[in-house]
Amino acid sequence: MTILCVRFQLPPTREAALPELLGLLEEFTPVVEALPPDGALADLRGAERYFGRDAVELASVIRVRALALYGVDCVIGAGPGPMLARMALRDARPGLTRAVPGGEERDFLAGKPVAVLPGVGTATARTLCEYGLDTLGRVAAAPLSTLQRLVGAKAGRELHEKAQGVDRGRVVPNGVSRSLAADRPFDRDELDPDRHRRALLSAAGELGARLRAVDKVCRTLTLTVRYADRSATTRSRTLSEPTAHSAALTRTAYGLYEALGLQRARVRSVALRAESLTPAEHASHQLTFDPVDEKVRRIEEVADRARAKFGPRAVMPGSLAA
């Protein structure tokens with residue numbers, strides 16, 4: 001068990017603490033992959049040798065430090081590879097690490113529904129279940145040729161390997177800056193769609209300002225709506241062109257919200273996440289010859305200069321978005 005999958009139990013208002021918590025993991029290993037908004041993968045092969053402890057013991061130390069230094073608990077899954085660590089995390093509970101020891105991969109997977117395997121979508125799971133392959137144990141026992149006839153040659157081979165516990169994934173170090181988030185909690189459960197939209201306007205304005213401040217654009221925008229019963233709905237949309245333009249982000253956020261078709265929903269908070277960030281210098285902008293759009297962009301430039309000179313509160317985020 002050399003890989004940990006850690007999910008920090010961060011409240012929506014503390015997502016910005018993730019970089020600090022990643023720094024905590026990096027005290028044990030430099031091979032850390034951020035999984036925004038609240039998780040990470042860590043490869044502890046070197047750490048096990050250096051500290052003379054196995055991954056489960058190191059997971060306990062990480063949990064204690066996260067609580068002591070940041071007041072944040074976490075749930076942790078451990079396994080021989082990233083896929084198994086992620087799946088172990090599903091069975092983990094706060095205060096305990098769910099571990100999949102090497103050699104026990106097939107036993108761990110055998111009784112699980114085929115739909116929980118990473119890479120198996122709804123259509124593939126439905127096809128497999130129609131032929132009685134509804135658990136990973138049955139998929140692992142099925143002939144490779146049968147799986148390849150059902151889902152294709154390459155997909156069938158990958159499915160067969162994964163169901164048998166063969167995990168060829170690896171932890172790819174990255175930065176949490178590959179995404180930015182803006183959360184808007186309500187003082188009380190909110191029913192008014194107009195207030196929902198105003199919160200989205202503010203969040204989109206904040207994201208646009210932060211993206212422009214670091215000279216980045218985003219390709220994908222994700223909306224998360226959290227409800228009074230603690231459930232949540234998440235939807236993503238790929239933008240027609242990478243952007244840091246607050247008005248474009250706002251239009252996309254409104255489109256995502258309206259597509260949910262909420263009827264008298266008691267909403268606790270809304271959050272927007274800008275993902276797939278790339279340098280602004282590599283992005284192209286399609287000229288629209290729309291004088292209103294060009295005017296808004298010029299106003300954004302002025303507002304950004306005001307923020308740079310007088311601080312982030314010089315212009316309220318969202319006040320310039322259309």
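Cys5 is buried, with a relative accessibility of 4%. In this predicted model, Cys218 likewise counts as buried, at 0% relative accessibility. The structure holds 0 disulfides. A disulfide is a covalent bond that links the sulfur atoms of two cysteines.

## Overall composition

The protein chain comprises 12 helices and 10 strands. Of its 322 residues, 44% count as buried. Among contacts with a separation of 6 or more, 65% are between residues 24 or more positions apart. The chain exposes about 17000 Å², and carbon and sulfur atoms supply 51% of that area.

## Strand E4 and its partners

Strand E4 spans residues 74-79, and 6 of its 6 residues are buried. Cys74, Ile76 and Ala78 point one way from E4, whereas Val75, Gly77 and Gly79 point the other way; residues of both groups are buried.

E4 pairs with two strands described here. Strand E1, residues 3-8, pairs with E4 in the antiparallel sense over 6 bridges. In this pairing Arg7 stands opposite Val75 of E4. E4 and E5 run parallel and are joined by 3 bridges. Gly77 has Arg98 as its bridge partner in E5.

Strand E5 covers residues 97-99 and contains Thr97. Thr97 has a relative accessible area of 19% and is therefore buried, the cut-off being under 20%. Beyond its neighbours within four places in sequence, Thr97 is in contact with Ala59, Arg63, Ile76 and Ala78. Two of these contacts, Ile76 and Ala78, involve residues that point one way from E4 together with Cys74. The side chains of Thr97 and Arg63 are also joined by a polar contact of 3.3 Å.

## Strand E7 and its partners

Strand E7, residues 216-227, is mostly covered, with 9 of its 12 residues buried. Its pairings with E8, E9 and E10 are summarised below.

| Pairing | Partner residues | Sense | Bridges |
|---|---|---|---|
| E7 and E8 | 232-243 | antiparallel | 8 bridges |
| E7 and E9 | 267-275 | antiparallel | 8 bridges |
| E7 and E10 | 278-279 | antiparallel | 2 bridges |

Individual residue pairs place these strands in register. Arg226 stands opposite Ala232 in E8. Leu221 has Ala274 as its bridge partner in E9. Val217 is matched with Thr278 in E10.

The hairpin of E7 and E8 has 4 residues between the strands, and Arg230 there takes a positive phi near 75°.

## Nonpolar cores

In soluble globular proteins, nonpolar side chains tend to be buried together. The largest nonpolar core in this model has 29 residues, and those with the most contacts inside it are Leu207, Leu211, Leu223, Leu249 and Leu272. Two or more residues of this core come from each of strand E6 (179-190), helix H10 (193-213), E7, helix H11 (246-260) and E9. A second, separate core has 27 residues, including Ala17, Phe28, Ala47 and Ala78. Ala78 also belongs to strand E4, where it is buried, and it is in contact with Thr97.

Leu249 illustrates the surroundings of one residue of the largest core. Not counting residues up to four places away in sequence, Leu249 touches Ala204, Leu207, Gly208, Leu211, Cys218, Leu221, Leu239 and Thr243. Of these, Leu207 and Leu211 are also among the residues with the most contacts inside the core. Cys218 is the buried cysteine with 0% relative accessibility described at the outset, and Leu221 is the residue that forms a bridge with Ala274 of E9.

## Positive phi in the loops around E9

Most residues other than glycine have a negative phi. Two loops that adjoin E9 hold residues with positive values.

Arg264 lies in the loop between H11 and E9. Its phi is near 55°, a positive value in a residue other than glycine. Arg264 is exposed because its relative accessible area of 67% is over the 50% cut-off.

Ser276 is found in the loop between E9 and E10. Ser276 is not a glycine either, yet it has a positive phi of about 55°. With a relative accessibility of 40%, Ser276 counts as partly exposed.

Conventions:
Residues are numbered from 1 along each chain as its sequence is written. This is a predicted model: local features need pLDDT of at least 70, side-chain atom pairs count only at pLDDT 80 or more; totals for chains, interfaces and linings use all residues. Side-chain values use heavy atoms; hydrogens and water are left out. Buried means under 20% relative accessible area, exposed over 50%, partly exposed in between (1.4 Å probe, protein chains only). Two strands pair if DSSP finds at least two bridges between them. A disulfide is a pair of cysteine sulfur atoms within 2.5 Å. Contact means heavy atoms within 4.5 Å. Accessible areas come from the Shrake-Rupley method with a 1.4 Å probe; for residues, only the protein chains shown count as cover. A nonpolar core is a set of buried Ala, Val, Leu, Ile, Met, Phe, Trp, Tyr and Cys residues joined through side-chain atoms within 4.5 Å. A polar contact is a pair of N or O atoms within 3.5 Å; within protein, one must be able to donate a hydrogen and the other to accept it, and residues adjacent in sequence count only if both atoms are side-chain atoms.
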